[in-house]
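This briefing describes one protein chain for a reader at the bench. Please view the sequence and the structure together before reading the points below.

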Amino acid sequence: MLNIYKSLILSQINYGAQIYNTTKTRHLRTLDLTHYEGIRLSIDAFRTSPTDSILYYVGEISLQLTRYKNTLLYCIKKKTTPDHISHITLFKNNNSNINHNVIKKLTSIQDVFASICNKMNIHTSVDEKTTFQKSPPWL
């Protein structure tokens with residue numbers, strides 16, 4: 001039952017986690033509760049069982065840590081490829097034509113990435129950058 005949960009439900013929850021990690025915590029809490037309830041039902045645990053012990057028993061990490069991992073992997077991958085279109089939008093500050101009142105209300109993925117790096121004391125200076133060939137190798 002746990003394998004079915006992981007393959008069907010958890011894969012859908014983790015899809016695009018780096019993007020919806022920028023939402024408010026009350027919305028993320030709904031996903032966390034769904035995750036805990038799915039694991040609880042798949043192992044036939046009591047409703048009063050602590051979620052940390054259930055996650056430990058199953059060998060899963062919390063969704064917050066999974067979202068952190070996915071965000072870090074996504075942003076570091078984009079940081080090492082300067083030719084990619086996402087690199088410009090993530091790591092360049094070109095907010096000249098955007099309303100600054102809207103920016104204050106929204107949290108960007110760049111802000112989430114910076115807060116995760118500060119919280120976990122991660123330094124992401126990139127020495128080697130991946131570059132793509134201008135023409136295909138068969139030409």
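Which residues have the most contacts inside the largest nonpolar core? In this predicted model, they are Y5, I13, Y20 and I39, within a core of 13 residues. The points below set this core in the context of the whole chain and then turn to the surface.

**Overall architecture**
- The protein chain contains eight helices and zero strands, so that its elements, read from the N terminus, run α-α-α-α-α-α-α-α.
- Of the 139 residues in the chain, 30% are buried.
- Among contacts with a separation of 6 or more, 62% join residues that lie 24 or more positions apart.
- The accessible surface of the chain is about 10,300 Å², and carbon and sulfur atoms account for 57% of that area.

**Nonpolar cores**
- The largest nonpolar core, with its 13 residues, draws at least two residues from each of helix 1, helix 2, helix 3 and helix 4.
- Helix 1 provides the largest share of this core, namely four residues.
- A second, separate core has nine residues, including L90, F113, I116 and C117.
- In soluble globular proteins, nonpolar side chains tend to be buried together.

**Helix 1 and its surroundings**
- Helix 1 spans residues 2–14 and bends by about 30° at L8.
- The buried residues in helix 1 are L2, Y5, L10 and I13.
- The cover over these buried residues includes helix 2 (17–20), helix 3 (25–42), helix 4 (51–58) and helix 5 (63–79).
- Leaving aside residues up to four places away in sequence, Y5 touches L10, I13, T34, H35, G38, I39 and S42. Two of the residues named here, I13 and I39, are also listed with Y5 among those with the most contacts inside the largest core.
- After helix 1 comes G16, which has a positive phi near 75°.

**A nonpolar patch on the surface**
- I61, L65, M120 and I122 make a nonpolar surface patch of about 310 Å².
- I61 is located in the loop between helix 4 and helix 5.
- The relative accessible area of I61 is 42%, and this residue is therefore partly exposed. Because residues of a patch must have over 30% relative accessible area, the value of 42% for I61 satisfies that cut-off.

How values were computed:
Residues numbered from 1 in each chain as written. Predicted model: local features only at pLDDT ≥ 70, side-chain atom pairs only at ≥ 80, totals over all residues. Heavy atoms only, no water. Buried < 20%, exposed > 50% of the residue type's maximum accessible area, 1.4 Å probe, protein only. Contact = heavy atoms within 4.5 Å. Areas by Shrake-Rupley, 256 points an atom, 1.4 Å probe, with all protein chains shown as cover. Bend = angle between axes of the 7 residues up to and from the residue. Patch = residues over 30% accessible without salt bridge, like charges linked within 9 Å, V, L, I, M, F, W, Y side chains within 5 Å. Salt bridge = Lys/Arg side-chain N within 4 Å of Asp/Glu carboxyl O. Core = buried A, V, L, I, M, F, W, Y, C linked by side-chain atoms within 4.5 Å.
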